[in-house]
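Colleague: Please take a close look at a single part of this predicted model, its salt bridges. I should also be grateful for an account of the elements around them.

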Amino acid sequence: MRCPFCGNEDTKVFDSRQVDEGTTVRRRRECDRCMRRFTTFEKFEDSPLVVVKKDGRRDVFSRSKMMAGMRRACEKRPISTEQIEEAAYNIEKALRNTHEREVTSAEVGEAVLEQLFGLDEVAYIRFASVYRQFGDIQRFLEELHELIEKRGTLTDKERKEI
């Protein structure tokens, strides 16, 4: 492995560990010439997961693209980057565990909604409003009712008031 600092080809590994449930090896290395340390990752390369869009187009699954949508939904909410990353990891893991090479964008969207529901209700509604393309206030209210029902905390009195 070439040193990213000085370009030397002689580096040594002084620590290795498995990460991401054993699918990746993290190695700490040290350059023999400049003595600087750096980290490398070896990742198991799986066949790409393809997302089939509503219009039939196919794109390679992108965790970073999915996370960007999740981050937008979580803006100004008390949700850490680590929570978003963990949710994205869980979604990708679940999608890959289906052993299908292709998933629909609807499956990805529903998986994101499921994770956001557990994180933050406002983020859930924000994402749902874009993903489900609410056309009017009535559809928005229907989604809010569904959220309240899922949460299971609506009293009979609150139901009547709504």
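Modeller: A residue is called buried when its relative accessible area is under 20% and exposed when that area is over 50%; between these limits it is partly exposed. With a relative accessible area of 23%, Arg132 therefore belongs to the partly exposed class. Please bear in mind that the model is predicted and that every value here is computed from it.

Arg132 is a good place to begin. Its side chain meets that of Glu110 in a salt bridge, with 3.0 Å from N to O. This pair links distant parts of the chain, for Glu110 belongs to helix α3, whereas Arg132 lies in the loop between α4 and α5 (137–151), and 22 residues separate the two. Glu110 is also partly exposed, at a relative accessible area of 36%.

The next pair lies within one element. In helix α5, Arg139 and Glu142 are three residues apart, about one turn of the helix. They form a salt bridge in which the closest N and O atoms are 3.7 Å apart. Glu142 counts as partly exposed at 36% relative accessibility, and Arg139 counts as partly exposed at 24%. Salt bridges with shared partners bring Glu110, Arg132, Arg139, Glu142, Glu143 and Glu146 together in one network. The two pairs described so far thus have their residues in that network.

Which salt bridge involves Asp120? The partner of Asp120 is Arg77, and their side chains come to 2.9 Å, N to O. Arg77 sits in the loop between α1 (63–74) and α2 (81–96), and Asp120 in the loop between α3 and α4 (121–131), so the pair ties together parts of the chain that are 43 residues apart in sequence. The two partners fall on opposite sides of the 20% limit. Asp120, at 9% relative accessibility, is buried, while Arg77, with a relative accessible area of 29%, is partly exposed. In total, the structure holds 17 salt bridges.

Helix α3, which carries Glu110, also leads to the sheet. Three strands form an open sheet in the order β5-β4-β6, with mixed pairing. The edges are taken by β5 (58–60) and β6 (102–104); each has a single partner strand, so one side of each has no neighbour in the sheet. From one strand to the next, the twist averages 35 degrees. Strand β4 (residues 50–52) runs parallel to β6, and three bridges join them. Within this pairing, Val52 stands opposite Thr104 in β6. Helix α3 (residues 105–119) packs on the sheet and touches β4 and β6, its direction making about 65 degrees with that of β6.

Finally, helix α3 has a part in the largest pocket, whose volume is about 690 Å³. Among the elements that give two or more residues to its lining are α3 and α4, together with β5 and α1. The lining consists of 22 residues, and those nearest the centre of the pocket are Lys53, Lys65, Ser105, Phe127 and Tyr131. Helix α1 supplies the largest share of the lining, with five residues. Helix α3 thus holds one partner of a salt bridge to Arg132, packs on the sheet and contributes to the lining of the largest pocket.

Note on methods:
Residues are numbered from 1 along each chain as its sequence is written. This is a predicted model: local features need pLDDT of at least 70, side-chain atom pairs count only at pLDDT 80 or more; totals for chains, interfaces and linings use all residues. Side-chain values use heavy atoms; hydrogens and water are left out. Two strands pair if DSSP finds at least two bridges between them. Helices (H or I, at least four residues) and strands (E, at least two) are DSSP runs, numbered from the N terminus. Axes are lines fitted to C-alpha atoms, for helices over the stretch in contact, and angles run from 0 to 180 degrees between N-to-C directions. Contact means heavy atoms within 4.5 Å. A salt bridge is a side-chain nitrogen of Lys or Arg within 4 Å of a carboxyl oxygen of Asp or Glu. Buried means under 20% relative accessible area, exposed over 50%, partly exposed in between (1.4 Å probe, protein chains only). On a 1 Å grid over the protein atoms alone, a cavity is a set of points where a 1.4 Å probe fits but cannot get out, and a pocket is an open set with protein on both sides within 12 Å along at least five of seven lines; lining residues have an atom within 4 Å of a point. Grid points are joined across faces, edges and corners, and a volume is the space filled by probe spheres set on the points.
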